[in-house]
Each structure stands twice: as C-alpha cells, then as structure tokens.
Amino acid sequence: MLSNDYSVAPAMIGRFVDVTASLDTVNVTHNGVNVTSHEREWARALTVTDPEHVGQADVLRRQFQPLRHRRPQPTVAFVETASLASYDRLFGVDTGPELRDMDMDVVE
C-alpha cells in the first residue's frame, strides 16, 4: 500500500466523490460541493480521520444496532431434488452406458 486513506462524512458512503490534492491539502467534493478537506500527509499507509466523521459514524452505528435485532431470521426451506437422469429419460437423451452407471440418487 503506497497511499493514505482520508475520511469523509458517513453520508457520503456509496456516493461518487472527487478527490484532489495539492502539496498541502486533500479535498473531497461531491457534485461540485466540498465535503471535506484534510491536511495532506506525506508518510505512507496512514489513515487520516476527522474526529467529526468518527462522531457521525458513531451516531449512525447506534441508530442501526437496534434495527439489526429486528430483522427477520432466515428460515430453512425444503427443496425437492430429483435425479437428472429422469429428465434424460423423459426427453430421450442418450447419455451412454458409462454416464448412466455414474448416475447416483441424492441421499438425504
């Protein structure tokens, strides 16, 4: 990793942003509007985070947590399975003796 990561407001998650950098500043814009600026760091592989962005993310996380517990739980559905050889017989497909010998029924 040769570059740095700079934070943006959580409201920008999933949106296209433009990032420009000068010698001193990294600017992030969305639809031409500046959404954040950071002092540019020249060391490599850093994560530069605005404390305001962290606070906004914390609020969103606390709002989301109760919703996670109210999601319906997945149910396991029974899916009937059939040997594909029955379709070959139905449509008159000749698979040859070597393939018929390999046909196995599904074990439940």
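Which residue in β3 is the bridge partner of threonine 20? That would be asparagine 27. One thing to keep in mind as you look around: this is a predicted model.

## Strands β2 and β3

Let's stay with that pair for a moment. Strand β2 covers residues 18-21, and together with β3 it makes an antiparallel pairing over 4 bridges. To get from β2 to β3, the chain goes through a hairpin with 3 residues in it.

β3 itself has two faces. Val26, Val28 and His30 sit on the covered one, while Thr25, Asn27 and Thr29 make up the uncovered one. So Asn27, the bridge partner of threonine 20, belongs to the uncovered face, and its strand runs over residues 25-30.

## On to β4

β3 also pairs with β4, again in the antiparallel sense, this time over 6 bridges. If you want to trace some of them, try these: threonine 29 has asparagine 34 as its bridge partner in β4, and histidine 30 has valine 33. Threonine 29 comes from the uncovered face of β3, histidine 30 from the covered one.

These two strands form a hairpin as well, with 2 residues between them. After that turn, β4 takes up residues 33-39.

## Asparagine 31 in the turn

Have a look at asparagine 31, which is found in the loop between β3 and β4. Its phi is positive, at about 50°. Is asparagine 31 buried or exposed? It counts as exposed, because its relative accessibility is 68%, and the cut-off for that label is over 50%.

Asparagine 31 has a link back to the end of β3 too: its side chain and that of histidine 30 are joined by a polar contact of 3.4 Å. Then there's phenylalanine 16. Counting along the sequence, it is 15 residues from asparagine 31, yet the C-alpha to C-alpha separation in space is 8.4 Å.

## Histidine 53 in helix α1

Now for a helix. Histidine 53 is part of α1, which spans residues 51-70. With a relative accessibility of 7%, histidine 53 counts as buried, because the label applies under 20%.

What does histidine 53 touch, leaving aside its neighbours within four places in sequence? The list is Ser7, Val8, Ala9, Pro10, Thr36 and His38. With serine 7 there is also a polar contact, side chain to side chain, at 2.6 Å. Thr36 and His38, for their part, are contacts of histidine 53 that fall within β4, the strand of residues 33-39.

Definitions and conventions: Residues numbered from 1 in each chain as written. Predicted model: local features only at pLDDT ≥ 70, side-chain atom pairs only at ≥ 80, totals over all residues. Heavy atoms only, no water. Buried < 20%, exposed > 50% of the residue type's maximum accessible area, 1.4 Å probe, protein only. Polar contact = N/O pair within 3.5 Å; in protein donor to acceptor, adjacent residues only side chain to side chain. Contact = heavy atoms within 4.5 Å. Pairing = 2+ DSSP bridges.
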